[in-house]
Amino acid sequence: MPTAISPAARYGSDAQYRLFDLLTAPLRWEVLAVALELGIFDDLTLPRAAGELAQQYGLDGEGTELLLNALVSLGVVGKHEDSYCVDGGFAPLLTSTSDISMSNLLSYLGEVRHVSADNIIALLRDKQQVQTGPEMVRPEYWSRAVGGLRSFHRSVRNPIVMDILSGLPCWPGVKKMLDLGAGSESLALDICAARPDIDTVIFDLPGVVASLGSRVTDKTRIQLRGGDMNCDDLGTGYDLIWASMVFYYARDLTSVMGRMRRALRPGGMLISFHEELNDDRTEPEFHILGRLHAELKSGPLSVARGRVRAAAAEAGFHNVQSFSLQTPFGQMELVTGTA
Ligand SMILES: C[S@@+](CC[C@H](N)C(=O)[O-])C[C@H]1O[C@@H](n2cnc3c(N)ncnc32)[C@H](O)[C@@H]1O
């Protein structure tokens, strides 16, 4: 007998789908954050039953199974015959002992970026009254952020940066470079390992630099320089300046660019690595939403489209060029110029 009803393959409007997806979005993160907090991924490198894990953590058995099923629905854990195991592609990123673990990074970024609806309203009403949230324009914020930045650099960012640097035509000739607003010693260490003939200068705020000293053992190859890029001496004779996600703190970007141009040897290269927003400052979503908490707290930070290129040209850089790159941390713009 043919069935009396013939359901449509897909009901509802795109807008309805989008709204239900937005409703679900925070839960995706909360479930992942719970698993990171409990260290579940470290215990799921081999298949385990929900009951076993519940017993190990002293948790409710039924609830643990619900949580594990939710992790399976996210696609980060697999389930086979009632045993759970972290998915192979995610294992090195989510287990805490892996070299490229993102577990500390995700917890750090979750704290920095996420903000409750109540706190957004409080920030909109009177941000001076809100005691919490990232104050990225204050030097003290960056002294506390070093661990989070280090974990970002090691797990995700440095392999991308090393690929960019080693692809530069000028790279084989680079003997001295500056990592401006480095945030951690991690890139300098990777450069030192790949190219022991390069001397790297790490320039950052004095509080940040002070906390990096103990991690830099080879002080002949890696030099630490504390200061404010707006007014303090950046050093001289660089073949390359790498400036990544630091221009938000330039009081006058053209003037800082001029200081960088003079710090380079003639013919040396500046590389800027920053996001760029569209002219309406509404895209890309990753940067707009990701910065909302920090910007509600401290005012707009993100770099507008063309801003770096224009400042580089105004400051006298030649052959200014721009390249858009897709990265796991959003679309980025690489701007290069020659001194
Ligand atoms: C968003 S982090 C970027 C770190 C790293 N460059 C990266 O790409 O991940 C911003 C960095 O700029 C540094 N910074 C902020 N203001 C600065 C200033 N006036 N002079 C030099 N560095 C500054 C901070 O200490 C921090 O390390």
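**Exercises on a predicted protein model**

The protein chain carries 31 positive and 41 negative side chains, and the centres of these two sets lie 9 Å apart. The model is a predicted one.

**Exercise 1.** Describe the make-up and extent of the protein chain.

*Solution.*
Step 1. Take the secondary structure: the chain has 14 helices and ten strands.
Step 2. Take the extent: along its principal axes the C-alpha trace spans about 80 × 50 × 45 Å.
Step 3. Take the surface: about 17700 Å² is exposed, and 55% of this comes from carbon and sulfur atoms.
Step 4. Take the interior: of the 339 residues, 42% are buried.
Step 5. Take the contacts with a separation of 6 or more: residues 24 or more positions apart account for 63% of them.

**Exercise 2.** Find the residues with the most contacts inside the largest nonpolar core, and the helix that gives the most to this core.

*Solution.*
Step 1. Nonpolar side chains in soluble globular proteins tend to be buried together.
Step 2. Here the largest nonpolar core has 67 residues, and Leu-165, Leu-180, Trp-242 and Met-257 have the most contacts inside it.
Step 3. Helix H8, residues 139-166, gives the most to this core, with eleven residues.
Step 4. Look at Leu-180: leaving out residues up to four places away in sequence, its contacts include Phe-203, Met-229, Trp-242 and Met-260.
Step 5. A second, separate core has 21 residues, among them Ala-35, Leu-67, Leu-94 and Leu-106.

**Exercise 3.** Describe the chain over the residues covered by the UniProt annotation "domain: O-methyltransferase dimerisation".

*Solution.*
Step 1. The annotation comes from an unreviewed UniProt entry and covers residues 28-82.
Step 2. Over residues 28-82 the chain is 67% helix and 11% strand.
Step 3. The end C-alpha atoms of this stretch are 22 Å apart.

**Exercise 4.** Locate Asp-82, Arg-281 and Pro-284, and state the backbone feature of each.

*Solution.*
Step 1. Most residues other than glycine have a negative phi, and most peptide bonds are trans.
Step 2. Asp-82 has a positive phi, near 65°, and is found in the loop between strand S2 (77-80) and strand S3 (83-86).
Step 3. Exposed means over 50% relative accessible area; Asp-82 has 56%, so Asp-82 is exposed.
Step 4. Arg-281 also has a positive phi, near 55°, and sits in the loop between S8 and H12.
Step 5. The relative accessibility of Arg-281 is 33%, so this residue counts as partly exposed.
Step 6. Pro-284 lies in the loop between strand S8 (264-274) and helix H12 (285-290). The peptide bond from Glu-283 to Pro-284 is cis, with omega near 0°.

Key: Residues numbered from 1 in each chain as written. Predicted model: local features only at pLDDT ≥ 70, side-chain atom pairs only at ≥ 80, totals over all residues. Heavy atoms only, no water. Helix = DSSP H or I, 4+ residues; strand = E, 2+ residues; numbered from the N terminus. Buried < 20%, exposed > 50% of the residue type's maximum accessible area, 1.4 Å probe, protein only. Contact = heavy atoms within 4.5 Å. Areas by Shrake-Rupley, 256 points an atom, 1.4 Å probe, with all protein chains shown as cover. Lys, Arg positive; Asp, Glu negative; His and termini not counted. Charge placed at Lys NZ, Arg CZ, Asp CG, Glu CD. Core = buried A, V, L, I, M, F, W, Y, C linked by side-chain atoms within 4.5 Å. UniProt positions renumbered as here; feature names shortened; annotations may be inferred.
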